[in-house]
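Trainee: I should like to learn how features of a protein model are read from its atoms. Please take me through them one at a time.

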Amino acid sequence: MKKEYVLIFIIGLFLLSYVLDAVVNPLHLNLPTPYHYLDPKVLNLYPFTTASIVIKGIALFLTPLLLLSLVEGYYPAKAGALLILIALMQLYALQDIATKAQVVPLEWALSISLAGVTLILPAIWYFIMGGISWLHKSLGGKEENTTETQESEDINKEPSSQ
């Protein structure tokens with residue numbers, strides 16, 4: 001799938017979530033943590049808001065993955081960056097809800113927390129890919145040609161005489 005289509009999809013999800021938020025009244029719940037929203041009673045009481053939270057969560061989940069896909073390779077660095085982002089997202093959501101700071105609406109804090117939890121899967125994937133890449137390289141496998149090495153090979157080639 002082309003990255004431009006993914007970007008349009010993410011923008012569409014954000015727009016859809018704003019439309020859904022405009023239709024629904026803001027949440028006024030006293031939650032100790034974002035994870036207390038996952039109680040089935042609360043989920044069944046606010047299904048429309050839950051849909052909005054999930055849509056925002058998907059958009060927030062896809063955004064860093066789209067940005068990381070712009071860089072080829074560097075799997076351990078991508079995994080480390082995702083782990084830092086996951087920790088910051090969880091800490092921010094916890095602080096915002098626990099202190100009732102309301103810097104962002106409750107729906108956004110819950111979406112940030114949801115996206116942070118789900119980003120652990122790509123982080124694990126990047127760690128696995130980094131290990132496979134390192135193992136392949138250490139066993140004497142060829143490195144994949146990047147455009148930089150391919151350009152340097154093209155420069156070093158002698159022009160063919162005709």
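The dialogue below treats a helix, a salt bridge, a surface patch and two loop residues.

Mentor: This is a predicted model, in which local features need pLDDT of at least 70, side-chain atom pairs count only at pLDDT 80 or more, and totals for chains, interfaces and linings use all residues. Residues are numbered from 1 along each chain as its sequence is written, and side-chain values use heavy atoms, with hydrogens and water left out.

Trainee: What span should helix H1 have, and how far apart are its end C-alpha atoms?

Mentor: Helices are DSSP runs (H or I, at least four residues), numbered from the N terminus. The expected span is 1.5 Å times one less than the number of residues. For the 21 residues of H1 (residues 3–23) that gives 30 Å, and the end C-alpha atoms lie 31 Å apart, which agrees.

Trainee: Which residues of H1 are buried?

Mentor: Buried means under 20% relative accessible area, exposed over 50%, and partly exposed in between (1.4 Å probe, protein chains only). In H1 the buried residues are Val-6, Ile-10, Leu-13, Ser-17 and Leu-20. Viewed down the axis of H1, they fall within an arc of 90° (taken from the directions from the helix axis to the C-beta atoms), so they line one face of the helix. They pack against helix H3 (47–68), contact being heavy atoms within 4.5 Å. Exposed residues on the other side of H1 include Glu-4, Tyr-5 and Ile-8.

Trainee: How many salt bridges does a search of the whole structure find?

Mentor: A salt bridge is a side-chain nitrogen of Lys or Arg within 4 Å of a carboxyl oxygen of Asp or Glu. The search finds one: the side chains of Asp-21 and Lys-56 meet at 2.5 Å, N to O. The pair links distant parts of the chain, with Asp-21 in helix H1 and Lys-56 in helix H3, 35 residues apart. Asp-21 is partly exposed at 24% relative accessibility, whereas Lys-56 is buried at 0%.

Trainee: Which residues form the nonpolar patch on the surface?

Mentor: Patch residues have over 30% relative accessible area and no salt bridge, and nonpolar side chains are joined within 5 Å. Among the members here are Leu-83, Ile-120 and Phe-127, and the patch has about 630 Å² of accessible area together. Helix H6 (residues 120–138) supplies the largest share, six residues.

Trainee: Where does Lys-100 lie?

Mentor: Lys-100 is in the loop between helix H4 (75–98) and helix H5 (106–118). Although not a glycine, Lys-100 has a positive phi of about 55°. Gln-102, in the loop between H4 and H5, has a positive phi near 55°.

Note on methods. Patches are made of residues with over 30% relative accessible area and no salt bridge: like charges are joined within 9 Å, nonpolar side chains (Val, Leu, Ile, Met, Phe, Trp, Tyr) within 5 Å. Accessible areas come from the Shrake-Rupley method with a 1.4 Å probe; for residues, only the protein chains shown count as cover. Helices (H or I, at least four residues) and strands (E, at least two) are DSSP runs, numbered from the N terminus.
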